[in-house]
Amino acid sequence: FHNNATTYSPADNTLIVSSRENFVIAIDYDVPADGIRKIHWILGDPTKKWYQFPSLRRFALRLTQGTLPPLGQHAVSIDTKGNLLLFDDGQASFFQSPAGQTRSYSAARSYTIDAAKMTAKAFYTYSAQPSLYSDICSSVYEGRQGNYLVDFSTSNGRTTNVIQGIGAASRVVFT
């Protein structure tokens, strides 16, 4: 389990953990009365190895139409609307088999999670134009609502760090 980031969700008292190799998982923050922390949901690429295990697959969120799973995610946080915000590297697993999908670009994404219905819906997606691919170590953070700082830390074959300020309507404010 390659842990890249962890955040706390006060809305449901969960710890949200990102594993670049596997998925994003929400587990109990506090120890329940029975002493066993429980998995709430898993958001990830169903073509990766983890999805072959029924014990994990049963926690997989169903993606609504038009929603892409994160691939090699980093920098999980909760945005100002209470959604899950993360950087989607677009990279398959380096160590698992099957490794899952790879995309030719990276993106900042936020997801609305409905744990009762076990669904995830794309709320916000930003990908640079022209596209940038940053396979590891990148991040996205929200400042004021709808304003983001996106760090494509290993773009151009891991030779260039591109930092962008994103404002309303995904307008690039600075690079």
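How many helices and strands does the secondary structure of the protein chain come to? The legends below start with the whole chain and then move in on single sites.

**Figure 1. The whole protein chain, a predicted model, has 2 helices and 13 strands.** Its radius of gyration is 16 Å, close to the 16 Å that the globule rule gives for 175 residues, so the chain is as compact as a globular protein of that length. Along the principal axes, the C-alpha atoms fill a box of roughly 50 × 35 × 30 Å. Buried residues make up 46% of the 175 in the chain. If we take contacts between residues at least 6 apart in sequence, 45% of them join residues at least 24 apart.

**Figure 2. The surface of the protein chain and its charges.** About 8,700 Å² of the chain is exposed, and 55% of this area comes from carbon and sulfur atoms. The chain carries 16 positive and 13 negative charges, and the mean positions of the two sets are 5 Å apart. Side chains of opposite charge can pair when their charged atoms come close. In this model the count comes to 5 salt bridges, and the next three views show some of them.

**Figure 3. Lys-38 and Asp-34 form a salt bridge.** Here the closest N and O atoms are 2.6 Å apart. Are the two partners buried, exposed or partly exposed? Lys-38 has a relative accessible area of 36%, so it counts as partly exposed. Asp-34 is also partly exposed, because its relative accessibility is 49% and the exposed class begins over 50%.

**Figure 4. A salt bridge joins the side chains of Arg-103 and Asp-88.** The distance from N to O is 2.7 Å. Which parts of the chain does this pair tie together? Arg-103 sits in the loop between strand S7 (84-88) and strand S8 (107-114), while Asp-88 belongs to strand S7, so the bridge connects parts that are 15 residues apart in sequence. Both Arg-103 and Asp-88 are buried.

**Figure 5. Asp-135 pairs with Arg-158 in a salt bridge.** The closest N and O atoms of this pair lie 2.8 Å apart. The two residues come from distant parts of the chain, 23 residues apart: Asp-135 is in the loop between strand S9 (119-126) and strand S10 (139-142), and Arg-158 is in helix H2 (residues 155-158). Asp-135 is buried, with a relative accessible area of 10%, whereas Arg-158 is partly exposed at 48%. Elsewhere, salt bridges that share partners join Asp-88, Arg-103 and Arg-109 into one network.

**Figure 6. Two cis peptide bonds, at Pro-98 and at Pro-130.** Ser-97 and Pro-98 are joined by a cis peptide bond with omega of about 5°. Where is Pro-98 placed? Pro-98 lies in the loop between S7 and S8. The bond from Gln-129 to Pro-130 is cis as well, and its omega is near 0°. Pro-130 is found in the loop between S9 and S10.

**Figure 7. Positive phi at Ala-75 and at Asn-156.** Although Ala-75 is not a glycine, its phi is positive, at about 55°. This residue is part of strand S6 (residues 73-78). Is Ala-75 buried or exposed? Ala-75 has a relative accessible area of 8%, which means that it is buried, since that class covers values under 20%. Asn-156, another residue other than glycine, has a positive phi near 55°. Asn-156 is located in helix H2.

**Figure 8. Ile-39 and its contacts.** Ile-39 is in strand S4 (residues 39-43). With a relative accessibility of 26%, Ile-39 counts as partly exposed. Which residues does Ile-39 touch, leaving aside neighbours within four places in sequence? Ile-39 is in contact with Ile-25, Ala-26, Ile-27, Leu-56 and Phe-59. For a sense of scale, the C-alpha atoms of Ile-39 and Gly-143 are separated by 29 Å, and these two residues are 104 residues apart along the chain.

Terms used
Residues numbered from 1 in each chain as written. Predicted model: local features only at pLDDT ≥ 70, side-chain atom pairs only at ≥ 80, totals over all residues. Heavy atoms only, no water. Salt bridge = Lys/Arg side-chain N within 4 Å of Asp/Glu carboxyl O. Buried < 20%, exposed > 50% of the residue type's maximum accessible area, 1.4 Å probe, protein only. Helix = DSSP H or I, 4+ residues; strand = E, 2+ residues; numbered from the N terminus. Rg over C-alpha atoms; globule rule 2.2 N^0.38 Å. Contact = heavy atoms within 4.5 Å. Areas by Shrake-Rupley, 256 points an atom, 1.4 Å probe, with all protein chains shown as cover. Lys, Arg positive; Asp, Glu negative; His and termini not counted. Charge placed at Lys NZ, Arg CZ, Asp CG, Glu CD.
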